[in-house]
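Reader: I'd like a close look at one part of this model, and then a walk outward from there into the interior. Could you take me through it?

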Amino acid sequence: MPSEYRLILKYADQPGYTPDLDCYLRHGGYETLKKALAIQPKDLPEGKKMSPQEQIREDVKLSGLRGRGGAGFSCGLKWSFVDRRSGKPIYLICNADESEPGTFKDRQILHKDPHQMIEGMIISCFANDVKLAYIYIRGEMPEGAKLLNKALKEAREKNFLGKNILGSGYDLEIYVHRGAGAYICGEETGLIESLEGKRAYPRIKPPYFPAVLGLYQCPTIVNNVETLCAVKHIVALGAGEFAKLGTPNNTGTRIVSVSGHVKKPGYYEIEVGKATIGQLINDPAFGGGLRPGRKLKAVIPGGSSAKIFKAGEKFKLKKKVDGKDVEQEVDMLDLPYDFDSLMAAGSMSGSGAIIVMDDSTDIVAALANISEFYAHESCGQCTPCREGSLWMSKALHRLTHGEGRKQDADYLVKIADNIPGGRTICAFGEACSWPVQSFVAKFKDDFVARGEADEKRRASQTTGAGPTGEMKIAASPQH
Ligand SMILES: Cc1cc2nc3c(=O)[nH]c(=O)nc-3n(C[C@H](O)[C@H](O)[C@H](O)COP(=O)(O)O)c2cc1C
Ligand code: SF4
């Protein structure tokens, strides 16, 4: 039977556990920081030495930790790209924007255990020779910002932050920066622009890879809240023990937000890949199943930008059996919830947010809702994204307001196909296209039927004939 494995959320929901420093210290808080600061240089062959910082960076690489913000990129590899030779300061930014619809896991950490994230952040800063770091928090989370500022003050008072931290000679300051509530501020280069006081226009990569040209044109690391917490546990447990959690190439734990038509929507921490999508939806330890009498219609597995799965969909996945690659057919519900399996099935685990839709869902209206969000949130720099997201949203508005056309399904896909694929500055282009491409591909009949019904009704209003050809006395208003 699958169950939660609470590593990061170990204490967060325990009765009496509070977000203040005293409580954190009573639960072993900042012991891992002390451990990190006490690491001694390691002797290497030929009289070479590995610094404590290099050892932590190496451990993060060996642990297999993949970023929890969306792309699932190796954290250790990201850190290895940082330009350490430029002589410029290196910055670290904690991405606490958490704006992907369906995602509500970072805020649990920020609200219930802010010191854990701060400890992970201090260790990550130490490992990367960072002296100044920022927490960029979503504007709509004022309580989180308040709690973080209080926690930082408490940490400063105990010298976990500031000058000469715990007598180690290491100096670090961390500041909280509140966003103004735009989805694009979560994209790392948009976030950096916003932190510099400008409009959050994502930057072109190359040349603006944050690891080389980030905040104030200096090398910068941007990591998600949960990723930084995981770093603390890598140092506490050791890379090897951390890597034993989860599954190969998908190590550690992950907090999954489960929402929509389940009995128990909520956030559940699992070992990565040790629970399937079906278990996360149906098991009493997680979502608890659908509402009585309902059947599953679809699942969005990784936040609103992830491609949708249709109930009953099957995938051919490669599995290692006795060291050999064997292809197996897997039902959507039996997909292990990990980065690689979902990618192999044509979608992604993204921000770790499962959105469940039962058979009461109007799939056209659901896509219209998602597309309206993206049309509103496009920053407008790139024509395909700015215009395309709006055109898709307008077409879907038509389809949900009695003004649809039979060919709207093909029209939507044509627009969606022309946005991503290197035509835009940032991955928002993909994020707004993938829902449209996948919803229409998997539920085309629903879209075509809606357009046809609208066309028929309009024709009957013009000719005076009813939808089945019979004469109507008076056409009813459509809006
Ligand atoms: C449009 C868009 C929105 C994003 N929003 C977030 C967000 O709210 N939080 C987040 O951590 N990452 C977000 N990301 C991903 C970040 O750009 C970045 O990859 C991430 O913060 C890196 O952290 P990680 O390596 O620890 O996952 C977003 C990306 C895009 C393209
Ligand atoms: S892809 Fe969209 S959100 Fe990203 S920079 Fe271009 S217009 Fe802005």
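Leaving aside neighbours within four places in sequence, which residues is Gly-29 in contact with?

Author: Sure, and keep in mind that this is a predicted model. Once the neighbours within four places in sequence are set aside, Gly-29 is in contact with Tyr-24 and Glu-119. Gly-29 itself is found in the loop between α1 (21–26) and α2 (31–37). Loop or not, Gly-29 counts as buried, because its relative accessibility is 2% and the cut-off for buried is under 20%. For a sense of scale, take Glu-140: Gly-29 and Glu-140 are 111 residues apart in sequence, and their C-alpha atoms are 28 Å apart in space.

Now for the nonpolar interior. The largest nonpolar core has 63 residues, and those touching the most other members are Tyr-30, Met-117, Met-121, Ile-122, Ile-135, Leu-172 and Ile-174. Helix α6 (residues 114–127) supplies the largest share of this core, with 8 residues. Zoom in on Met-121: not counting residues up to four places away in sequence, Met-121 touches Leu-92, Cys-94, Ala-133, Tyr-134, Ile-135, Ile-174 and Leu-228. There is also a second, separate core of 48 residues, and Ala-200, Cys-385, Cys-432 and Phe-447 are among its members. As general background, nonpolar side chains tend to be buried together in soluble globular proteins.

With those cysteines about, you may wonder about disulfides. A search of the whole structure turns up 0 of them. Take Cys-432: its closest cysteine sulfur is the one in Cys-385, at 4.7 Å, so that pair is too far apart for a bond, given that a disulfide needs the sulfurs within 2.5 Å. Cys-432 is buried, with a relative accessible area of 2%. Cys-229 has a similar story to tell: the closest cysteine sulfur is in Cys-94, 7.9 Å away, which is too far for a bond. Cys-229 is buried too, at a relative accessible area of 0%.

Cys-385 turns up again when you go looking for empty space. The count comes to 1 cavity of 30 Å³ or more, and about 80 Å³ of space lies in the largest cavity. Its lining is made of 13 residues, and nearest its centre lie Cys-379, Cys-382, Cys-385, Cys-426 and Phe-428. By type, the lining divides into 8 nonpolar residues, 5 polar and no charged.

Key
Residues are numbered from 1 along each chain as its sequence is written. Chains are lettered from A and ligands numbered from 1 in the order in which they are written. This is a predicted model: local features need pLDDT of at least 70, side-chain atom pairs count only at pLDDT 80 or more; totals for chains, interfaces and linings use all residues. Side-chain values use heavy atoms; hydrogens and water are left out. Buried means under 20% relative accessible area, exposed over 50%, partly exposed in between (1.4 Å probe, protein chains only). A nonpolar core is a set of buried Ala, Val, Leu, Ile, Met, Phe, Trp, Tyr and Cys residues joined through side-chain atoms within 4.5 Å. Helices (H or I, at least four residues) and strands (E, at least two) are DSSP runs, numbered from the N terminus. Contact means heavy atoms within 4.5 Å. On a 1 Å grid over the protein atoms alone, a cavity is a set of points where a 1.4 Å probe fits but cannot get out, and a pocket is an open set with protein on both sides within 12 Å along at least five of seven lines; lining residues have an atom within 4 Å of a point. Grid points are joined across faces, edges and corners, and a volume is the space filled by probe spheres set on the points. Ala, Val, Leu, Ile, Met, Phe, Trp, Tyr, Cys and Pro count as nonpolar, Asp, Glu, Lys and Arg as charged, and the others, Gly among them, as polar.
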